[in-house]
Every structure is written in structure tokens, then in C-alpha cells.
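Let's walk through this one together, starting with a bit of sheet bookkeeping and ending at the ligand. Have a look at the fold before reading on.

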Amino acid sequence: MEEKKPLVCASTKKCGGCQYQGTAYEEQLKKKQKHVQSLLNKFGKVNPIIGMKEPYFYRNKVHAVFDRDRKGNIISGIYEAKSHRVVPIEKCLIEDEKSQEIIRTIRGMLKSFKIRTYDEDSGYGLLRHVLVRRGFASGEIMVVLVVASPVFPSKNNFVKALRKVHPEITTVVLNVNDRHTSMVLGDRDIVIYGKGFIRDTLCGRTFRISPGSFYQVNPVQTEVLYGKAVEYAGLTGNERVIDAYCGIGTIGIIASAKAKEVIGVELNPDAVRDARINTRENKIQNVQIRQGDAGAFMEAMAETGEHADVVFMDPPRAGSDEKFMASLLKLNPKKVIYISCNPETMARDLNYLTKKGYGVKKIQPVDMFCFCDHVEVICELVRK
Ligand code: SAH
């Protein structure tokens, strides 16, 4: 089969967001496969990575930092690696195109609205970042303006002017971040248009997503990933299931139709609120969401002698802590479905679990981050 000519990125040298620009997609997949194999082969056969048909413009979340260049022109783009210099980006090949258009429109509006970009050194200025999230299935679009102070001049006119160009925007939120920090979002959201969140559909369920909640950035591959997770779980309808690190409740809610009961646990309060509302809006009775540290939650469950048949775990890049892993063993579920965005920490955790009575049945990489060197892996573990 003849490979389509890859699109060429103009910013790749300075940007640092992608590691595989200029590498044919098939080649990227081979490299990722090799990488995962080098880390996980010792636990079992690694299935061939599932790639995308169309590996461009897949990111449903687009983030731009705002600044001025040396000539004083307003720029938007990405931080240069390991620095706080901003590399201007005109067109990115992996981010949603509509969301990028919106960011360009906002950039063009700032001067006439006399909105200054924030300067990290002096602390002067207002606009720090813009975040756009688009529900690929729903078409709903959320614009988050991250500002250093809650006073946004002529905000209603600003929204009006922005929506005149992009009537598809369904909500606009001011997020106040007045701290000296590398975190993008601050704690306070002020909804200035619409309902303050978007909804999107995955695997036949609808999810509400707030500005601060985690939501997978590649919805096409997320459906593949969740499909595998639920398939590997092999639920029959009688199981008590834990969805650890559940975010807005996606995996647990999708799995709930085949389980007796699902308990989701999540640390971020915004995500917990979304998850609870998502269970209600999907008319699901057998999912509960608990707020807290997943490790502490598992420990409490183990100590009170509760049981679980299947545990889905989808920790952040650092993997799970010892408390979580030790309590997982105490809970002793028949099956663990481990979803990881970092095969290094997954290897560490599999090493632990395979020494303590679990066998690896399946290892499946899924390419969620085309052109980037990250790779998602899902693993089915079964109690021996
Ligand atoms: N399973 C979800 C979210 C995965 S991302 C999905 O597929 O969308 C990891 C999630 O873990 C994030 O929502 C993050 O807020 C949460 N998290 C991070 N540390 C945690 C901890 N110690 N305990 C519980 N949740 C945590």
C-alpha cells in the first residue's frame, strides 16, 4: 500500500511538542511498538499497536500561551521545552483545526479590546492562556480564557464579537490564575457565556466535561481503548467493579451495563462532580463516585474487609503509589485492567503485581498521541 505523503509542520524545530514530525506514521508505530516491547515483553506477548487511520488534528483540547514578541506583537503558541519562552504557533498538525481557528481569532481581537497579555516577569497584563475543548461527537465548544485577574474589560462585548465569528462556541469561561505557577489553570471559574461545560459522547454514553476535569485528548482512539478495557474485563453482570482514577467517570459508566456495581474513585473535585452528574444523566443506578486519593480509598476498602471482583486502574503518568498497590493485593480482585499512559511506570507496577500472584494475559498498546513519543498501553492481569 502506498503511504500518503505526510503533512509538513512549519514549527517543529522550535516547538518540541511532537517528537516524530517528519517520520512516516507507519514508522512511528513501529518505534512505539519496539519501545513497549522492550519494556513489557518480559511479562507477555505485546499485541501489535492499534494506530489511527487519520493521525492528524486529533487533539480535542488545544492550549495556547499568550505573550508578546520582542517587537511587541501579540503571539500565541507553546512554551519552548524547559523554558518559559513562547514559541509562536500558526498551525499545528495534531490539534483540532476549529479550535486553532478560535485561538487565532481571539489573538486578533485583543488589540481592539485593549486586552494585554500577561507578562510572567513583571506580573503585568491580563490574558495568560486560552484553552479550547471541542466535543468531537457533540460539536459543543468551550473556550477558557485564563486571566491574571477576574476583571475582564467589556467581557460581554468580547463574547459577542467572538461568537459572531464562531457561533459554534457553546460556552466561555474565565479562569482566574493569579499565582506565579507553571500550572495553566487557577482555582476559580467564572462562566461568562453558556453553561460552563461541554458534553461529549463516547461509546454511546454522554459525558459532561468541566474546564478542570481530565478528559482523554484523542476521542477516536479513546473509544478503541475503552472498548478493549471493557472487553478484557469480561464482565458477566455479577461483578463488583472499582474504577480507580475515574476522572469524569467514563470507564465505569461504560462498563456499568455489564456489572452488578461500580465504584469510581477520583481526587479532583471538579471531575468528581462531573462524574456524579454523568451517572445521573446517563440514568445509571449502579455507579457510585467517591472523592479522594485512590490509594487511601483502596486501603480503607481492604481494611474494612470489602471485596472487588474487577479493578480498572488508569493512574496518571507517575503510576500508582505503594499504598494503592499493597491495598490492591489485599482486595485480591480476580482481574485487574491496567490502563497506562506511561509504559515505564507500568513496567514497574507489573513487576510488582506479577511477583505477588497475578499473571499477565494481554498487553495492548493503543496510539493515542500520534507524532508524540507517548504511548498508551492496556494490560489484563488475572489472579493466579
Ligand atoms: N480514567 C479517566 C481518567 C484518567 S487520568 C479517563 O479515562 O478519562 C487520571 C485521573 O487520575 C485524573 O482524573 C486525575 O485527576 C486522577 N488522579 C490523580 N491522582 C489521583 C489520586 N492520587 N487518587 C485518585 N485520582 C487521582
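Two strands count as paired here if DSSP finds at least two bridges between them. Keep in mind that this is a predicted model.

With that in hand, take strand E10, residues 240-244. On one side, E10 pairs with strand E11 (residues 261-266) in the parallel sense, over 5 bridges. Pick out Val241 in E10: its bridge partner in E11 is Val262. E10 also pairs with strand E13 (residues 310-313), again parallel, over 4 bridges, and there Val241 has Val310 as its bridge partner. The link from E10 to E11 is worth tracing too: together with helix H6 (residues 250-255), the two strands make a right-handed β-α-β unit.

So which way do the side chains go? In a regular strand they alternate between the two faces of the sheet. In E10, Arg240, Ile242 and Ala244 point one way, while Val241 and Asp243 point the other. Buried or exposed? 5 of the 5 residues of E10 are buried.

Now for the ligand. It has 16 residues around it, and Tyr226, Glu266, Asp293, Ala294 and Asp314 come nearest. By class, that shell holds 8 nonpolar, 5 polar and 3 charged residues. Ligand nitrogen atoms take part in several polar contacts: one is 2.7 Å from a side-chain N or O atom of Asp293, one is 2.8 Å from a backbone N or O atom of Ala294, and one is 2.9 Å from a polar side-chain atom of Asp314. As for cover, the ligand on its own has 570 Å² of accessible area, and the protein covers 86% of that.

Key:
Residues are numbered from 1 along each chain as its sequence is written. This is a predicted model: local features need pLDDT of at least 70, side-chain atom pairs count only at pLDDT 80 or more; totals for chains, interfaces and linings use all residues. Side-chain values use heavy atoms; hydrogens and water are left out. A residue is near a molecule or strand if one of its heavy atoms lies within 4 Å of it. A polar contact is a pair of N or O atoms within 3.5 Å; within protein, one must be able to donate a hydrogen and the other to accept it, and residues adjacent in sequence count only if both atoms are side-chain atoms. Accessible areas come from the Shrake-Rupley method with a 1.4 Å probe; for residues, only the protein chains shown count as cover. Ala, Val, Leu, Ile, Met, Phe, Trp, Tyr, Cys and Pro count as nonpolar, Asp, Glu, Lys and Arg as charged, and the others, Gly among them, as polar. Buried means under 20% relative accessible area, exposed over 50%, partly exposed in between (1.4 Å probe, protein chains only). A crossover is right-handed if, with the strands pointing away from the viewer, the path from the first strand over the helix to the second runs clockwise.
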